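Please open the model in your viewer and keep the sequence panel beside it. The tour below moves from one selection to the next and says what to look for at each stop.

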Amino acid sequence: MSDSRQSLPARSRRLDNVIDDDIRYRAVDSRDSRFDGVFFTAVTSTGIYCRPSCPAVTPKRANCRFYPSAAAAQGAGFRACRRCRPDSVPGSPEWNHRADLVGRAMRLIGDGVVDREGVAGLADRLGYSARQLQRQLTAELGAGPIALARARRAQTARLLLQTTELPVTDIAFAAGFASVRQFNDTVREVYDRTPSGLRAEVVAGRRTPTPAGGLTLRLAYRGALDSDHLIDFLELRAVPGVEEVVPGARPGVRTYRRTLALPYGHGIAEVDGLAPRDPRTRGWLDCRLLLADLRDLPTAVQRLRVLFDLDADPDTVDEQLGADPVLGPLVHERPGLRSPGHVEPHELAVRAVLGQQITVGAARTLAGRLAEKYGVALPEPSGGLRLLFPSAAVLATADPEDFAMPAARRRALTGLCAALAEGVVRLDGGVDREEAAARLLALPGIGPWTVGYLRMRALADPDVFLPSDVGVKHGLVRLGAPGDPKAAARAAEAWAPWRSYAVHRLWAGPSSTGTNVSTGTSASTVTSAGTGTTISTSTNTGTENDPA
């Protein structure tokens with residue numbers, strides 16, 4: 001689909017069209033953290049660039065220049081502020097919802113495609129020439145794909161220099177640089193320090209001595225964050241051997257752990273939720289990564305950010321949904337609800353089909369059996385984590401008898417896995433969402449609910465509504481609104497472009513909700529995709545319900 005046909009969602013405009021330099025300067029003057037990552041402020045009198053919330057003295061308006069990306073500021077000759085570390089801010093929420101070329105390109109660059117495949121590989125994935133891609137990125141972001149990837153490598157280098165005791169040479173290649181000289185030149189240019197000087201800014205005792213790829217870092221987010229919802233959602237769907245939720249090191253903290261299949265090797269990720277006494281606006285989640293190959297660090301971090309929806313702008317989302325007469329009470333009770341994505345779209349696609357028409361627990365059991373039989377065992381188990389979830393290519397050739405489900409669903413699963421393995425269907429941050437949806441719908445056994453669910457989580461689309469979902473219906477009825485699909489779809493039009501968040505609001509409900517709610521006579525039982533709540537219904541309507 002050409003970019004001219006891909007309009008932005010209703011009520012969603014590019015930030016350049018709604019904020020000007022005067023508004024940007026007011027954000028800098030008030031140190032408004034909501035704009036961190038949305039733009040960067042460069043100061044001509046000092047030669048540095050900062051995040052809008054930098055605590056330094058507000059520069060004079062005449063000395064300020066504003067850039068849409070860190071790479072653009074670096075390209076203009078400015079160095080990163082060592083006080084506010086503008087390279088560590090959450091990404092712009094624009095990349096969550098934009099479906100045009102620039103948005104798709106930024107999602108792929110964030111996943112490390114330029115480092116692994118070069119600009120030609122990035123352009124090929126997007127269906128454009130390298131020249132067209134360079135022109136559009138430069139026109140909007142002030143920097144081309146190489147400069148944007150270079151800024152990403154510089155941030156990874158700083159992270160490794162200041163949080164580990166790894167040798168500088170190892171860090172250069174782990175961060176994605178082609179040579180030590182290129183690494184040294186980039187660090188000096190971006191941070192006005194040599195690599196050893198940058199490392200010396202952090203006390204040695206604060207760096208982890210783990211030599212085998214272990215890293216401790218913080219995952220930044222903006223606004224409020226309801227981490228309980230995220231951990232609850234993931235715990236309910238945790239595949240044995242692949243995922244688990246365990247008590248954290250701090251009182252009241254729960255830790256989500258899972259294995260990761262990454263481009264250069266495997267990894268294990270741990271992300272802590274917030275403690276009961278932590279403010280929801282704390283600004284970061286604690287994370288630990290154990291990687292077989294440190295080159296996977298930027299990709300692992302980006303995929304965890306997608307999983308926890310950490311680049312979202314909850315203030316904007318909650319402002320709109322909170323003004324709605326139906327959803328408003330839920331928003332006011334639980335601010336900062338996120339719409340979780342996934343670390344591996346192919347895994348999610350398999351689990352979506354496994355979960356059609358069965359309970360959350362049953363689908364989790366099926367997924368665990370497939371992981372046991374076809375997954376890849378870790379060299380060493382870590383707690384309850386032992387396996388990497390099997391790839392689509394492996395499952396495409398699996399014995400259908402191992403799929404304990406009706407024949408039609410077995411055919412749907414093997415057909416989907418074959419399409420993913422052959423590239424007929426692509427599910428990644430750079431895919432055209434409309435095209436991917438059309439190709440999924442063309443596969444036997446893949447219906448609108450499954451496609452919508454995959455758009456919402458695998459493709460991180462913030463504007464997906466599931467009108468036929470049982471959990472959505474129940475949530476609407478509980479709030480006194482009509483629950484039939486047509487009425488629900490009409491009501492959801494007012495929630496665009498944040499309908500994915502509305503779905504999670506309806507799934508989660510108020511925090512005091514019980515677990516068993518009857519909506520009719522108990523002729524059959526299905527399970528809400530969102531909550532796992534058992535809901536009795538008079539008939540089974542055929543709604544697809546995915547517990548993945």
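In which sense do β1 and β3 pair, and over how many bridges? Select both strands and you will find that β1 and β3 run in the antiparallel sense, joined over 4 bridges, where two strands are said to pair if DSSP finds at least two bridges between them. The elements named here are DSSP runs numbered from the N terminus, with helices being H or I runs of at least four residues and strands E runs of at least two.

Before going further, note that this is a predicted model, in which local features need pLDDT of at least 70 and side-chain atom pairs count only at pLDDT 80 or more, while totals for chains, interfaces and linings use all residues. Residues are numbered from 1 along each chain as its sequence is written, and side-chain values use heavy atoms, with hydrogens and water left out.

**The whole chain**

Show the chain as a cartoon, and its secondary structure comes to 23 helices and 14 strands. Of its 548 residues, 57% count as buried, a word that stands for under 20% relative accessible area, whereas exposed stands for over 50% and partly exposed for what lies in between, using a 1.4 Å probe and protein chains only. Among contacts (heavy atoms within 4.5 Å) between residues at least 6 apart in sequence, 67% join residues at least 24 apart.

**The sheet with β1 and β3**

Return to β1 and β3 and add their neighbours, which gives an open sheet of 4 strands in the order β3-β1-β2-β4 with mixed pairing. The edge strands are β3 and β4 (79–80), each of which pairs on one side only. Pick Phe40 and look across to β3, where its bridge partner is Tyr67. Helix α1 lies across β1 and β3 and runs at about 105° to β3; such angles, from 0 to 180 degrees, are taken between the N-to-C directions of axes fitted as lines to C-alpha atoms, for helices over the stretch in contact.

**Aromatic pairs**

Next, colour the aromatic side chains, because rings of Phe, Tyr and Trp (its six-membered ring) pair if their centres lie within 6.5 Å, with planes under 30 degrees apart counted as stacked, over 60 as edge-to-face and the rest as tilted. The structure holds 11 aromatic pairs. One of them is Phe39 with Phe66, an edge-to-face pair at 5.8 Å centre to centre with 80° between the planes. Phe39 lies in the loop between α1 (21–29) and β1 (40–43) while Phe66 belongs to strand β3 (residues 64–67), so the pair ties together parts that are 27 residues apart in sequence. Both Phe39 and Phe66 are buried. Now add Arg24, which lies over the face of Phe39 at 5.9 Å from the ring centre; a charge sits over a ring if NZ of Lys or CZ of Arg is within 6 Å of the ring centre and within 35 degrees of the ring normal.

Move on to Phe233, Trp449, Tyr453 and Trp507, which form one aromatic cluster. Within helix α20 (residues 448–457), Trp449 and Tyr453 are 4 residues apart and thus separated by about one helical turn. Trp449 is buried at a relative accessible area of 4%, and Tyr453 is buried at 0%. Select Arg237 as well, since Arg237 lies over the face of Phe233, at 3.8 Å from the ring centre.

**Strand β9 and its partners**

Select β9 (residues 284–291), along which the side chains alternate: Leu285, Cys287, Leu289 and Leu291 point to one face and are buried, while Trp284, Asp286, Arg288 and Leu290 point to the other and are not. Strand β5 (residues 214–220) runs antiparallel to β9 and is joined to it by 7 bridges, with Gly214 opposite Leu290. Strand β8 (residues 266–272), also antiparallel to β9, is joined to it by 5 bridges, and here Gly267 stands opposite Leu291.

**Three loops to finish**

Where is the cis peptide bond? Ala496 and Pro497 are joined by it, with omega at about 5°, and Pro497 has its place in the loop between α22 (485–492) and α23 (499–508). Then go to Asp192, in the loop between α9 (180–191) and α10 (195–200), whose phi is near 55°, a positive value in a residue other than glycine. Asp192 is partly exposed, at 37% relative accessible area. Asp309, in the loop between α12 (297–307) and α13 (314–322), has a positive phi of about 55° although it is not a glycine, and at 8% relative accessibility Asp309 counts as buried.
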